[in-house]
Amino acid sequence: MTDTPPYVRPDVALFLQFLNAVPGPKFWQVPVDDARAMTAAMRDVADAPVGELAVIRDLSIPGPAGAIPARLYDSREEREAGPVMVFYHGGGFVIGSLYTYEPYCAEVARLLDLPVISIDYRLSPEHPFPAPAEDCEAATRWIATSPAELGRQVTGLIPSGDSAGGNLAIVTTMALRDRPAAVPVLAQHPIYPVVTLDADWPSMREFANGYLLTDEAMAYFGEGHAATPGDYRSEPLNFSQRGMPPSLVTTASLDPLRDQGIAYVEKLKQDGVRVEHRSAEGNIHGHINIRQAIPSVQSDIQGNIAALKNLLAEVTATA
């Protein structure tokens, strides 16, 4: 009896064929500044254009170690009081930036028809654990106060992020659950999040090589971030999720992080949290900013945002 190979979408297969044939060093084999430049260059090759948007404006947020850069995206020049999505980018806490996630944030601002504020938190290894989480919590609390710099009245928060940013969305939501901000967290939307330091998962073994996020990359990120075992910010899966807001969790079937993301969904259910799980079947880790190279990703993002809209409608109806 032979194992059935995993389903891979045709456009994902073509992208992986291209990616795995690219010559030269990988980002985990070069100095960190070069790794970040390689990641930024990937946006220009693999992601969709930013497109038209009424507002794309830089912000400066006071943080625990100085100003935190951020960027506001909105499909409307002006709007009535309402919720705001706060987005924390991925990249293993080491790479990633406002620039690399700009196409995704602009698309979400259009689809969700709400402001999206992307947070450029401090990166490891220069600023290891827990600096990224500290910046994200501080920035989110600032946004909740509707500072004049936003030009918008914030009535609720929607923390979201992918990969490392998915972790930051969850741990920021946990911090605001335990010590509320000026306005409530209405829902959270972690996308293929990191929720544990435990690497012993079937998906980790099955997809450790050849599917974009490799075991070498994960080891590189882990060494750079230097997370403390047993801290809720490094292992939220091991801590109570009771009292968390309604949650939309996205995983990808070809992702090494798939199984821990599914375990987090089950943890939310066990702790009585309203949760919806969407799986991007036949897709890989990191897909939300590979829309040009993998055109089918557009339908994944549209489906996620439609589900998030429904979740927010439920929250509003029961408020």
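How much space lies in the largest pocket? Let's work it out together, along with two further exercises. The model is predicted, so local features need pLDDT of at least 70 and side-chain atom pairs count only at pLDDT 80 or more, while totals for chains, interfaces and linings use all residues. Residues are numbered from 1 along each chain as its sequence is written, and side-chain values use heavy atoms, with hydrogens and water left out.

**Exercise 1. Describe the largest pocket and its lining.**

Step 1. A pocket is an open set of points on a 1 Å grid over the protein atoms alone, where a 1.4 Å probe fits, with protein on both sides within 12 Å along at least five of seven lines; lining residues have an atom within 4 Å of a point. A volume is the space filled by probe spheres set on the points, which are joined across faces, edges and corners. The answer here is about 970 Å³.

Step 2. The lining holds 41 residues, and L19, F27, T39, M42 and L212 are the closest to the centre.

Step 3. Helices are DSSP runs of H or I with at least four residues, numbered from the N terminus. α1 (10-21), α2 (32-46) and α7 (215-225) each supply at least two lining residues, and α2 gives the most, with seven.

Step 4. By class, the lining has 21 nonpolar, 15 polar and five charged residues. Here Ala, Val, Leu, Ile, Met, Phe, Trp, Tyr, Cys and Pro count as nonpolar, Asp, Glu, Lys and Arg as charged, and the others, Gly among them, as polar.

**Exercise 2. Do the same for the second largest pocket.**

Step 1. Its space is about 470 Å³.

Step 2. Of its 26 lining residues, V194, T196, L197, M218 and G222 lie nearest the centre.

Step 3. α7 gives the most to this lining, with six residues; α5 (164-178) also supplies at least two.

**Exercise 3. Classify two of the eight aromatic pairs.**

Step 1. Rings of Phe, Tyr and Trp (its six-membered ring) pair if their centres lie within 6.5 Å; planes under 30 degrees apart are stacked, over 60 edge-to-face, the rest tilted.

Step 2. F207 and Y211 have ring centres 5.0 Å apart and planes at 85°, so they are edge-to-face. F207 is buried (under 20% relative accessible area, 1.4 Å probe, protein chains only), at 1%.

Step 3. Y220 and F221 are tilted, with 5.8 Å between centres and 55° between planes. Ring pairs link both to F27 and W28 in a cluster.

How values were computed:
Buried < 20%, exposed > 50% of the residue type's maximum accessible area, 1.4 Å probe, protein only.
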